[in-house]
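Thanks, everyone. I have one structure to go through today, and I will keep it short. Please have a look at it first.

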Amino acid sequence: MLPGIVGSLQANEALKMIAGYGRPLLGRLLTFDAQSTRFAEVNVRRDPQCPTCGESSELRSRDDAEGRRSSAA
Ligand SMILES: [Zn+2]
């Protein structure tokens, strides 16, 4: 049951990002407690030292993350 609930939420987030619609879960962590059926939201700040999204990361767009870098760089 839990994978279905979380998977549906993840699919919904992906659709929002693709469609550019709604308010995606950027900078926020959503937790789900299945025992008590409660959701909670935690604000998360970007870590400047993060190798993926930090200041030294070379990933600046979805194309970068998917290996489709432009040759102009
Ligand atoms: Zn990061």
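I will start with the hairpin. Strands E1 and E2 form it, with four residues between them. In the turn, Thr37 has a positive phi, about 55 degrees. One caution before I go on: this is a predicted model.

The two strands run antiparallel, and six bridges join E1 to E2. To give you one position across the pair, Phe32 stands opposite Phe39 in E2.

How many of the six residues of E2 are buried? The number is zero, so E2, residues 38-43, lies largely in the open.

On the other strand, I would like to pick out Leu30, which is found in E1, residues 28-33. What does Leu30 contact, leaving aside its neighbours within four places in sequence? The contacts are Leu25, Phe39 and Glu41. Is Leu30 exposed or only partly exposed? Leu30 counts as partly exposed, because it has 13 C-beta neighbours inside 10 Å, and a residue is called exposed at 12 or fewer. As for Ala11, it is 19 residues from Leu30 in sequence, and the C-alpha to C-alpha distance between them is 14 Å.

Now helix H1, residues 2-19. Its 18 residues should span 26 Å at 1.5 Å a residue, and the end C-alpha atoms are indeed 26 Å apart, so the two values agree. H1 is hardly covered, with a count of zero buried residues among its 18. Just after H1 comes Gly20, which takes a positive phi of about 65 degrees.

Stepping back to the chain as a whole, there are two helices and two strands. Along the sequence the pattern reads α-β-β-α. Why call the chain more spread out than a compact globule? Because its radius of gyration is 16 Å, and the globule rule gives 11 Å for 73 residues, so the value is well over the rule. The C-alpha atoms fill a box of roughly 50 × 25 × 20 Å along the principal axes.

Two last values for the chain. Buried residues make up 0% of the 73 residues. Among contacts with a separation of 6 or more, 10% are between residues 24 or more positions apart.

To sum up, we have an α-β-β-α chain with an antiparallel pair of strands and no share of buried residues above 0%. That is what I have; I will take questions now.

Definitions and conventions. Residues are numbered from 1 along each chain as its sequence is written. This is a predicted model: local features need pLDDT of at least 70, side-chain atom pairs count only at pLDDT 80 or more; totals for chains, interfaces and linings use all residues. A residue is buried if 20 or more other C-beta atoms lie within 10 Å of its own, exposed if 12 or fewer, and partly exposed in between; C-beta atoms are placed from the backbone. Two residues are in contact if their C-beta atoms, placed from the backbone, lie within 7 Å. Two strands pair if DSSP finds at least two bridges between them. The radius of gyration is taken over C-alpha atoms; the globule rule is 2.2 Å times the number of residues to the power 0.38. The expected span of a helix is 1.5 Å times one less than its number of residues.
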